[in-house]
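Colleague: Could we go through this structure together? I have some short questions about the cysteines and then about an arginine.

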Amino acid sequence: MPPSPSITNSLDTFLQQPNIEASPAWEFIHGQAQQKPMPTLFHCRLQRNLVNAINNKTQVYEAIQELRCIIPPLSPVPDIVVVKSDRLSDEDGPLQGSPDWLIEIRSPDQSTLDLQNKILHCLSKGTQLTWLIDIQRQRIWVWENQELPMVFAGNDILPTLDNISDFTVERIIAMTRQR
């Protein structure tokens, strides 16, 4: 088992650490290196199926799983980032700056407060839309720009970017069982 990144309070020092891209990835949140929880079957299916569904509906944006973002002083690795295609570099590496749309899928043992803190940081740095998906409760929390979050359920139609349509909470939750 590779050693974990050293405890550090500097983003630059964290980014130089070996093994931060180990699976599951390490994030740098509020001066602390934190390893993401290992995803479950439903989490993995939802992540894959939602990325594919978004990418099938737009050429303007690209949805990507587990892409490290550099948003000083944090370095989160959201479950899904959706970024305007012209913002993506021709060079391999992390996304510099906040994604346009951030999607987190809450794992059963994951702190909702920690996820919300990451979301609020990204919103304060330019993210336009975030979803926090709670599979167990079948709810999706949505933040748009600097507005207070709204909670969606059932057949509620979710806000998206670029007129990507037809996403309801029921459809998103059904993706957890879609092979």
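Colleague: Is C122 buried or exposed?

Modeller: C122 is buried, and its relative accessible area is 1%. Please keep in mind that this is a predicted model.

Colleague: Which cysteine sulfur is nearest to that of C122, and at what distance?

Modeller: The nearest one belongs to C69, 6.4 Å away. A disulfide requires the two sulfur atoms to be within 2.5 Å, and C122 is in no disulfide.

Colleague: What about C44, and why is there no bond to the closest cysteine?

Modeller: The closest cysteine sulfur to that of C44 is also in C69, but the separation is 19 Å, which is too far for a bond. C44 counts as partly exposed, because its relative accessibility is 36%.

Colleague: How many disulfides does the structure hold, then?

Modeller: The number of disulfides in the structure is zero.

Colleague: Changing topic: where does R68 lie?

Modeller: R68 is in the loop that runs between β3 (61–65) and β4 (69–70). R68 is buried, at 5% relative accessible area.

Colleague: Which side chain does the side chain of R68 join in a polar contact?

Modeller: That partner is S75, and the contact between the two side chains is 3.0 Å. In addition, a polar atom of the R68 side chain lies 3.1 Å from the backbone oxygen of I20.

Colleague: And which residues does R68 touch, leaving aside those up to four places away in sequence?

Modeller: R68 touches F14, L15, I20, E21, W26, E27, S75, P76, V77, P94 and L95.

Terms used:
Residues numbered from 1 in each chain as written. Predicted model: local features only at pLDDT ≥ 70, side-chain atom pairs only at ≥ 80, totals over all residues. Heavy atoms only, no water. Buried < 20%, exposed > 50% of the residue type's maximum accessible area, 1.4 Å probe, protein only. Helix = DSSP H or I, 4+ residues; strand = E, 2+ residues; numbered from the N terminus. Polar contact = N/O pair within 3.5 Å; in protein donor to acceptor, adjacent residues only side chain to side chain. Contact = heavy atoms within 4.5 Å.
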